[in-house]
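Please open the model in your viewer and keep the sequence panel beside it. The tour below goes from one selection to the next and says what is to be found at each stop.

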Amino acid sequence: MSLLAEDTEAADLGLRWKPGFAALGPAFFTELRPTPLPDPYWVGRSEAVARELGLPTGWHESKATLAALTGSLPVAGARPIATVYSGHQFGVWAGQLGDGRAIMLGETEGGLEVQLKGAGRTPYSRGGDGRAVLRSSIREFLCSEAMHGLGIPTTRALCVTGSDAPVYREEIESAAVVTRVAPSFVRFGHFEHFAANQRDEELSALADYVIDRYYPACRTTDRFGGNAYAAFLEAVSERTAALLAQWQAVGFCHGVMNTDNMSILGLTIDYGPFQFLDGFDPRHICNHSDTQGRYAFNQQPNVAYWNLFCLAQALLPLIGDQEVAVAALESYKTVFPNEFEGRMRAKLGLTEAAEGDRPLIEGVLKLLAAGKVDYTIFWRRLSGYMADGNVEPVRDLFLDRAGFDAWLLSFSQRHAGADRTLAAELMRRSNPKFVLRNHLGQQAIEASQQKDHSGVATLLALLQTPFEEHPGADAYAGFPPDWASTIEISCSS
Ligand code: AMP
Ligand code: MG
């Protein structure tokens, strides 16, 4: 029998699958098959994720794998499902949503769920076409790996595969699939779904599953009188607080923090109109569809807290006491600022907390905002200054020189007597040289649309190790061109 004939039955990715989420039963999902896309091709691949999954070397060499990851061939041993969830979108209850275009192949024996995003319609597509366009798929792929490179919890992405099949958005675009990977894709919205429908049995089955799998310490908690569900809520809230601190410190704007886009594991999930800030503008709105600025950069920590309230509301039947549920959210208010200050301190090259750190941090952010100074470049140049003592490259970024000099004085006083080499090293590890700016993604996307995928690979390599110097790649670490501010990114993807 020819290889091809074998391949047309099912592709063996060399992975072993276990039931995972599907063991919860049919109330939680629909079994289905991805809808094939014609003539798939590779757009980008992350070998780091391939290794994490335990894929065999040469995994991408077979046509069957390419077809399988584009939804055109079944995967041997996998039982694909689309899960159901609900959620609050832009502050309003949206009712049932669900995986409208993401199809989960299953969970690997190593404990990673694998999803094909853009693999066709599901019972949860609600009028959508179940597809994802090449543009947004490249953005999700690169940003997942960029966030991981930055040390920020995130879903990962194995690859993007494309097809010339047309997809109709504002204009005709081409289709793509992102193969994404995470220990779990469960969202706040999964809990909200069963709570809103008063399905307490499913609600507790889901909570028990997530606690046993991902938060086992809640079973033996002595917090809240041993209430495992309250301890779970507190743990999710603290992970979310830590995540938000990282977003704010690195200048990441998610863009669509609906409760269905909030990971129960505190991962960055569902990359849509996200943006890394160029010039520092706390009120920046990266989502063109967000006319009210609900998800503006500086609103994110509060929105996350609001979203956690929705989760608390959903878990209330299990927690059993409103006061306990509210108490379980309380630590967000201390974990977020502590984590944020810790991250900012590291960016400033400071290893230990001291009085006066908060004004030092607030002072620099105020200066950056007043001058709309490039956020990433400022921090990297400040790290350079710590290493070589040359202040001009940093100072040049500010029109308000007097303001900067005054801040620098307090910064220098704070570092008085400290080991500058050590501080510089900490700063270099805390202030990335490379972030996925909109214009960088855009250039790679436009090349890919012309079938040149080398830009995607180049960016991936830089973003996977964003704290390294990468000699020769300075063009990717520079100021955005003027046209960058004209890029409009909406929910349409
Ligand atoms: P998002 O804001 O992109 O996370 O999506 C919100 C909801 O819309 C989720 O239920 C998605 O599965 C669904 N959705 C988004 N785009 C599509 C599409 N093209 N086809 C079907 N469902 C979609
Ligand atoms: Mg979503």
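## First stop: Thr122

Begin by selecting Thr122, which has its place in the loop between strand S8 (113-117) and strand S9 (132-133). Bear in mind throughout that you are looking at a predicted model. Is Thr122 buried or exposed? Its relative accessibility is 8%, and because anything under 20% is called buried, Thr122 counts as buried. Show the side chain of Thr122 and follow it to the backbone oxygen of Asp99, which it reaches at 2.6 Å. If you set aside residues up to four places away in sequence, Thr122 touches Leu32, Ala82, Asp99, Gly100, Arg101 and Ile103.

## Ligand 1

Two of those names, Gly100 and Arg101, lead on to the next selection, ligand 1. Which residues come nearest to ligand 1? There are 17 residues around it, and Gly98, Gly100, Arg126, Gly130 and Asn261 come nearest. Look for a polar backbone atom of Gly100, which is 2.8 Å from an oxygen atom of the ligand. Then turn to the side chain of Arg101, where an N or O atom is 3.2 Å from a nitrogen atom of ligand 1, and to Arg169, which has a polar side-chain atom 3.3 Å from a nitrogen atom of ligand 1. On its own, ligand 1 has 480 Å² of accessible area, and the protein covers 82% of it.

## The magnesium ion

Asn261, one of the residues that come nearest to ligand 1, also takes you to the magnesium ion, which is ligand 2. Which protein donors does this ion have? They are Asn261, through OD1, and Asp270, through OD, lying 1.9 to 2.1 Å from the ion. Asn261 counts as buried, with a relative accessibility of 10%, and Asp270 is buried too, with a relative accessible area of 14%.

## Thr259 and a hairpin

Now select Thr259, in the loop between strand S12 (252-253) and strand S13 (275-276). At 0% relative accessibility, Thr259 counts as buried. Leaving out neighbours within four places in sequence, its contacts are Gly87, His88, Arg187, Phe188, Gly189, Glu192, Trp306, Asn307 and Cys310. You can also draw a distance line from the C-alpha atom of Thr259 to that of Val303, which is 44 residues away along the chain, and the separation is 9.5 Å.

Among these contacts, His88 deserves a closer look, for its backbone nitrogen lies 2.6 Å from a polar atom of the side chain of Thr259. What is the bridge partner of His88 in S6? The partner is Trp93, and strand S5 (residues 86-89) and strand S6 (residues 92-96) run antiparallel, joined by three bridges. Two residues lie between the strands of this hairpin, where Phe90 takes a positive phi near 50°.

## Strand S11 and its partners

Next, colour strand S11 (residues 172-182), which is mostly covered, with ten of its eleven residues buried. Several strands pair with S11, and you can visit them in turn. S8 is joined to S11 by five bridges in an antiparallel arrangement, with Leu116 standing opposite Thr179. S9 pairs with S11 in the antiparallel sense over two bridges, and Val133 has Ala175 as its bridge partner there. Strand S10 (residues 156-168) pairs with S11 over ten bridges, again antiparallel, and Pro166 has Ser174 as its partner. S10 and S11 form a hairpin that has three residues between them.

## Last stop: S7 and Gly110

Return to Leu116 and look to its partner in S7: Ile103 stands opposite this residue of S8. S7 and S8 are antiparallel and pair over five bridges, while strand S1 (residues 17-18) pairs with S7 in the antiparallel sense over two bridges, Lys18 having Glu107 as its bridge partner. Why is S7 described as largely enclosed by the rest of the structure? The reason is that seven of its seven residues are buried.

Finally, select Gly110, in the loop between strand S7 (102-108) and S8. At 70% relative accessibility, Gly110 counts as exposed. The hairpin of S7 and S8 has four residues between the strands, and Gly111 takes a positive phi near 90° there. To end the tour, select Asp374 as well: Gly110 and Asp374 are 264 residues apart in sequence, and their C-alpha atoms are 41 Å apart in space.

Notes
Residues are numbered from 1 along each chain as its sequence is written. Chains are lettered from A and ligands numbered from 1 in the order in which they are written. This is a predicted model: local features need pLDDT of at least 70, side-chain atom pairs count only at pLDDT 80 or more; totals for chains, interfaces and linings use all residues. Side-chain values use heavy atoms; hydrogens and water are left out. Two strands pair if DSSP finds at least two bridges between them. Donors are N, O and S atoms within 2.8 Å of the metal (3.2 Å for Na, K and Ca); water is not among the atoms, so sites may look incomplete. Buried means under 20% relative accessible area, exposed over 50%, partly exposed in between (1.4 Å probe, protein chains only). A residue is near a molecule or strand if one of its heavy atoms lies within 4 Å of it. A polar contact is a pair of N or O atoms within 3.5 Å; within protein, one must be able to donate a hydrogen and the other to accept it, and residues adjacent in sequence count only if both atoms are side-chain atoms. Accessible areas come from the Shrake-Rupley method with a 1.4 Å probe; for residues, only the protein chains shown count as cover. Contact means heavy atoms within 4.5 Å.
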